[in-house]
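This report walks through a two-chain model, taking up strand pairing, helix packing, the contact between the chains and the confidence of the prediction in turn. The sequence and the structure come first.

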Amino acid sequence: MIYRWVSILFAAALALTAQAQAQEAPDALVKRVSEDVLQTIRGDKDLQAGNQAKVKQLIESKLAPHFDFARMTALAMGRNWRSATPEQQKTLSDEFRTLLVRTYSGALSNYRDNTMDYAPLRSNPGDTDVIVRTSVRRPGQAPVQIDYSMAKTPDGWKAYDVIVAGVSLVTNYRDEFNDAIKSSGVDGLVKMLADKNKGPTPK
Amino acid sequence: MNSSIRRIASTLAVACVLLAGCAGTPSRVDPFEPWNRAMYSVHEVVDGNVIKPIAQTYVKVTPEPVRTGVSNFYGNIDDLFTGINHVLQGKKERAGDDFGRVLLNSTFGILGIFDLASEMGITKDKTDFGITFGKWGAPQGPYLFVPLFGPTTVRDGTGWVVRLYTGPIGYIDNVPLRNWLIALGYLDTRAQLLSAESVLDAAALDKYRYLRNAYLRARRYQVYDGKPPPEEEEE
């Protein structure tokens, strides 16, 4: 009997989650995912100690699905994106994704004591591109603004830029990417990213 | 105030003027890139071999509540300057909060060691002379990387010199105490940067450049109160 109840509840929960993901507003999405990740970190000593395998798994399962990495790569490359072939675009997106995930992996373990504030979303009902503003509070420090640029896609809202205290984690690469392409072409940039990703994870 | 600090400060100021004098511009924001990169290398060697290991050891051997107390003590002085700068920027209400924090934390918070104000909901904020000068219309001027100090610009560096001359620790007459406080403040700042630094290591293809871009954008964002006009794209 109890098993049946559990399975019904479980199925209901699954259905709810699926529905939530389909219709969730961008600000609600940011809040749900952020709180979920913070809770997970607070409840897991391994994550707090910076266990890289576990941190990576957390990012891949909870954060990465809500980012549009191809668009992020396009944004980081600016006008050079169009000069890359579809295969190059795919490789670039994969390498850039790896780089961003690694960057986050190093940072996430320190988030245990953080709390987040969410600014009310300023947008119109029909908008398909919005900025969700949040700020992170850390004990003894001034709050840090984190803004997510998000676009509506067929599988829900996806973030394509993250701006920390005014610094875009995406466009901060643009002039470097431009120069790499100017001196050694798109393949040169691919190689640069691949080499960086093959290097040791800094601790 | 400590004469050696004063000497360093004036040397820096002279260096800035000299550097600004010979501005041939490879890049608008960073005309002294070759020099700055050399300074960055010097910094990486000295910091990486001496300062960073000390900061890491400090974090490892000092219990977290003690480190928080140390950070709060210096943070309280920052709050004082944040308040002063908010006044200079015409943000009186925010300045009231800043000074309220300083009063509360300096007294009941025992010289700022306990951040009671935050617990009571008076949030901390941060601004400085460089931002004030920016709001008054001063341009950033050339980017500078100063070993053991970090990224700055002519404008922000000038702000720091003002802060160095006016900071309360400089007025302490007991020389050993004053020097220990300066050293501990430096260590505290460096220790707080460890995690940001590991992000830089992970993210950057070219650390010098990533740091420069991030620094200049973050400062610009602050000058415009979080609403900077779009940047004209270079080239």
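## The sheet of chain A

In this predicted model, strand 3 (residues 144-153) of chain A and strand 4 (residues 156-164) of chain A run antiparallel to each other and are paired over eight bridges. At one place along this pairing Ile146(A) lies opposite Val164(A) in strand 4 of chain A, and at another Thr153(A) lies opposite Gly156(A) in strand 4 of chain A. The connection from strand 3 of chain A to strand 4 of chain A is a hairpin that passes through two residues. Strand 4 of chain A also pairs with strand 5 of chain A, again in the antiparallel sense, over two bridges, and here Ile163(A) has Ser168(A) in strand 5 of chain A as its bridge partner. These two strands, 4 and 5 of chain A, likewise form a hairpin with two residues between them, and in that turn Ala165(A) has a positive phi of about 50°.

Taken as a whole, the sheet of chain A is open and holds five strands in the order 1-2-3-4-5, with antiparallel pairing. Strand 1 (115-118) and strand 5 (167-168) of chain A lie at the edges with a single partner strand each, so one side of each has no neighbour in the sheet. Helix 2 (residues 26-42) of chain A packs on this sheet, where it touches strand 1, strand 2 (129-137), strand 3 and strand 4 of chain A, and its direction makes about 35° with that of strand 2 of chain A.

## Helix packing in chain A

Helix 2 of chain A also packs against helix 4 of chain A, at an angle of about 155° and with the axes 11 Å apart. The two helices are therefore roughly antiparallel to each other, and helix 2 of chain A passes helix 4 of chain A in a right-handed crossing. In this contact Val33(A), Asp36(A), Val37(A) and Thr40(A) of helix 2 of chain A meet Leu58(A), Lys62(A) and Leu63(A) of helix 4 of chain A. By class, the contact of these two helices comprises four nonpolar, one polar and two charged residues.

Helix 4 (residues 52-63) of chain A has a further contact with helix 6 of chain A, in which the axes come within 9 Å and cross at roughly 115°; this crossing is right-handed. From helix 4 of chain A, Gln52(A), Val55(A), Lys56(A) and Ile59(A) meet Val101(A), Tyr104(A), Ser105(A) and Leu108(A) in helix 6 of chain A. The residues of this contact divide into five nonpolar, two polar and one charged.

## Hairpin and helix pair in chain B

In chain B, strand 1 (residues 143-146) and strand 2 (residues 150-153) pair in the antiparallel sense over four bridges. Val146(B) has Gly150(B) in strand 2 of chain B as its bridge partner, and in this hairpin, with three residues between the strands, Leu148(B) takes a positive phi near 65°.

Helix 3 (residues 64-88) of chain B and helix 8 (residues 175-192) of chain B pack at an angle of about 110°, their axes being 10 Å apart, and they are therefore roughly perpendicular to each other. Their crossing is left-handed. Arg67(B), Val70(B), Ser71(B) and Tyr74(B) in helix 3 of chain B meet Leu184(B), Gly185(B), Asp188(B), Ala191(B) and Gln192(B) in helix 8 of chain B, and the residues of this contact divide into four nonpolar, three polar and two charged.

## Contact between the chains

The contact between the chains takes 21 residues from chain A and 29 residues from chain B. On the side of chain A that touches chain B, helix 6 (86-108) and helix 7 (174-198) of chain A each supply at least two residues. The residues of that side of chain A comprise eight nonpolar, eight polar and five charged.

## Confidence

The model scores ipTM 0.81 and pTM 0.83. Chain A averages a pLDDT of 87, with 87% of the residues scoring at least 70; among the elements of chain A, the lowest mean pLDDT (61) belongs to helix 1 (residues 2-23) and the highest (95) to helix 5 (residues 69-77).

Chain B averages a pLDDT of 89, and 87% of the residues score at least 70. Over residues 16-25 of chain B pLDDT stays under 50, and for these residues the model has 11 contacts beyond four places in sequence.

Key:
Residues numbered from 1 in each chain as written. Chains lettered and ligands numbered in written order. Predicted model: local features only at pLDDT ≥ 70, side-chain atom pairs only at ≥ 80, totals over all residues. Contact = placed C-beta atoms within 7 Å. Nonpolar A, V, L, I, M, F, W, Y, C, P; charged D, E, K, R; others polar. Pairing = 2+ DSSP bridges. Axes fitted to C-alpha atoms, helices over the stretch in contact; angles between N-to-C directions. pLDDT = per-residue confidence, 0-100. Parallel < 35°, antiparallel > 145°, perpendicular 65-115°, else oblique. Left-handed = near helix turned anticlockwise from the far one by under 90°.
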